[in-house]
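Q: I would like a close look at one helix in this structure, and then at how the rest of the chain is arranged. Please keep to what can be read from the coordinates.

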Amino acid sequence: MRRIISCTLILFLALQYDPIAGAGTALPSEKDSQSVGVTRPNVVLVIVDTLRGDMLFGQGNGVPVMPKLAVLAHDSRTFTAAACPCSWTRPSMVSLFTGQHVDGHRVYFGCGPDGVVASNTDFFPDGWHTLAEALANAGYTNYAFVTNPNVAPGLGMEQGFPPENYLYEVNAPAARVTGAAIERAVSLPEPFFMYLHYMDPHVPYNPPPEHSEVFGKLPPLTDTDCNALLPDIQIHYLIDSFQCSLDPARVPQFEPLSDGGKNAMRMHYWGECHYADHQVAYLVDMLRTRYPNTLFIITSDHGEQFWEHGGMGHGTNLYEESIHVPLIFHGPGIAVATINKPVSTVGLYKTLAAFLSLQIDVRLSGSDLLDAIPTPYPVISRTRGPEPGLPIDLQSVRVGEDKLILDIKSGMQALYQLKSDPREHTNTTDTRYSVLRELASLLDQHNAAMAKIDLPETKALVQPINPETREQLDALGYTGLDASAGTMSGSTVRKAP
Ligand SMILES: [Zn+2]
């Protein structure tokens, strides 16, 4: 059993550069807070897996995709340009729970090809101090209901949760998560912390009919389209598409989807988002009625691509469709505002530490998102794909409307001006040298700081994962990928001058 309270924190974060890290000011201790009669709110952290940032206020065929949470967002502190630390689940969630950038915690990958967790690059070791541990330390009762095998018990995310309160049901529908949380809240001593991880917008897209039909009838489909849209086939189509994008010589198993087939795939995704919208909104309504002193945070671990840059799925690039996520803070004491500045969800832990006056012994990255957002604010994301051997090693930094994507292995760079080119189609490295130098310098400084972070001590770096979890990861395409492919194709990244 993992420790609920991390007593032997062995971190020496010698950060010489982090423009959005705190100044190192000691936060008030729990004892200090209690002595002045502070009543901490309950905290409900909702992760809607694979939820693109443009879904919250977006439309599908003229119909709002997430109408209920859009209303909630207007009565909340809502960020319209939030980015996640990584474009796939495990590194992103470890960042949220450690308050560290991906290159700080270095949990980059899934399990190895034989189902063995071989190092702390693919496992969340228990030496890390986590948000859940800090909350438990402050007297919170922790409860989680998770549905993605990347955060299954045994992979480290359960740190800080009593084992009986870390529930895992792979791909459980949103109604199951919402219902269980509402029921469990009755018997949870306050203050409680709930981490609820919804899986619905992740493949396979198979929404309840009432949530897909709102977007109209499906377009005419070919036999190939119909086959690829089957829930059991979708992931195989996605992996095949991904493998072919990495290796042009590979013979595809599936014929390309027609335009109608691609639209139908998007409609299925919208339906899942619409379903999650209704379920999360119902959860908020129920819990805030019974427990008015509750802070809700609603966000996602990453987005999802639908052929904007040649492929489907997530984890393989850092374009906006993959890293832009919704971010909502709602509850007592949260000033209603819409923040259009780019921010990173890596600051979630720091935000809660400040808001709840938690005692934290480790320096957290990111910005306090309930305070004024610093300017300039570099937003940094990173992905190496779920498998160590894949030719994916990308880093991005955004400052204002300028965004640089760096392919670390090849040295290729792409610079985008998001205001005039929100779809990231025009690489401006040839014409905007000063901006390129500025952003590249920020990445260099960030990387130098990350390299100085010592990893915490850990136990058991080599261990087989639970076979059932391995099977569930396989089913979602997180293992067994062919790592023999060559360079990225279909990318607009090219060599800087
Ligand atoms: Zn995910």
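A: Helix H3, residues 89-98, is mostly covered, with 10 of its 10 residues buried. The model is a predicted one. The buried residues of H3 are Thr89, Arg90, Pro91, Ser92, Met93, Val94, Ser95, Leu96, Phe97 and Thr98. Their packing partners are helix H4 (102-105), helix H5 (131-137) and helix H12. Just after H3 comes Gly99, which has a positive phi of about 70 degrees.

For the setting of this helix, the chain has 14 helices and 19 strands. Of its 497 residues, 51% count as buried. When contacts between residues at least 6 apart in sequence are considered, 74% of them join residues at least 24 apart.

H12, one of the packing partners of H3, spans residues 348-355 and is followed by a loop that runs to strand S15 (379-383) and holds Pro376. The peptide bond from Thr375 to Pro376 is cis, and its omega is near -5 degrees.

S15 in turn belongs to an open sheet of four strands, ordered S15-S16-S17-S18 and paired antiparallel. S15 and strand S18 (413-417) are the edge strands, each pairing on one side only. From one strand to the next, the twist averages 15 degrees. In general, the strands of a sheet pair through backbone hydrogen bonds, either parallel or antiparallel.

Within this sheet, S15 is joined to strand S16 (residues 394-399) by five bridges, and the two strands run antiparallel. Ile380 stands opposite Val397 of S16. At the other edge, S17 and S18 also pair in the antiparallel sense, over five bridges. There Asp402 has Gln417 of S18 as its bridge partner. The hairpin of S17 and S18 has five residues between the strands, and Gly411 in this hairpin takes a positive phi near 80 degrees.

Although S18 is an edge strand, S18 is mostly covered, with four of its five residues buried. Helix H13 (residues 433-451) lies across S15, S16, strand S17 (402-407) and S18, and runs at about 60 degrees to S17.

Some backbone details elsewhere in the chain can be added. A second cis peptide bond joins Glu190 and Pro191, with omega about -5 degrees. Pro191 is in the loop between helix H6 (174-185) and strand S8 (192-198).

Positive phi values are also found in residues that are not glycine. Asn61 has a phi of about 55 degrees, and is placed in the loop between strand S2 (59-60) and strand S3 (63-64). Asn61 is classed as partly exposed because 13 other C-beta atoms lie within 10 Å. Trp307 likewise has a positive phi, near 70 degrees, and lies in the loop between strand S10 (305-306) and strand S11 (312-313). Trp307 has 14 C-beta neighbours inside 10 Å, and therefore counts as partly exposed too. The cut-off for a buried residue is 20 or more such neighbours, a class that takes in Phe97 and the other listed residues of H3.

How values were computed: Residues numbered from 1 in each chain as written. Predicted model: local features only at pLDDT ≥ 70, side-chain atom pairs only at ≥ 80, totals over all residues. Buried ≥ 20, exposed ≤ 12 C-beta atoms within 10 Å, placed from the backbone. Contact = placed C-beta atoms within 7 Å. Pairing = 2+ DSSP bridges. Axes fitted to C-alpha atoms, helices over the stretch in contact; angles between N-to-C directions.
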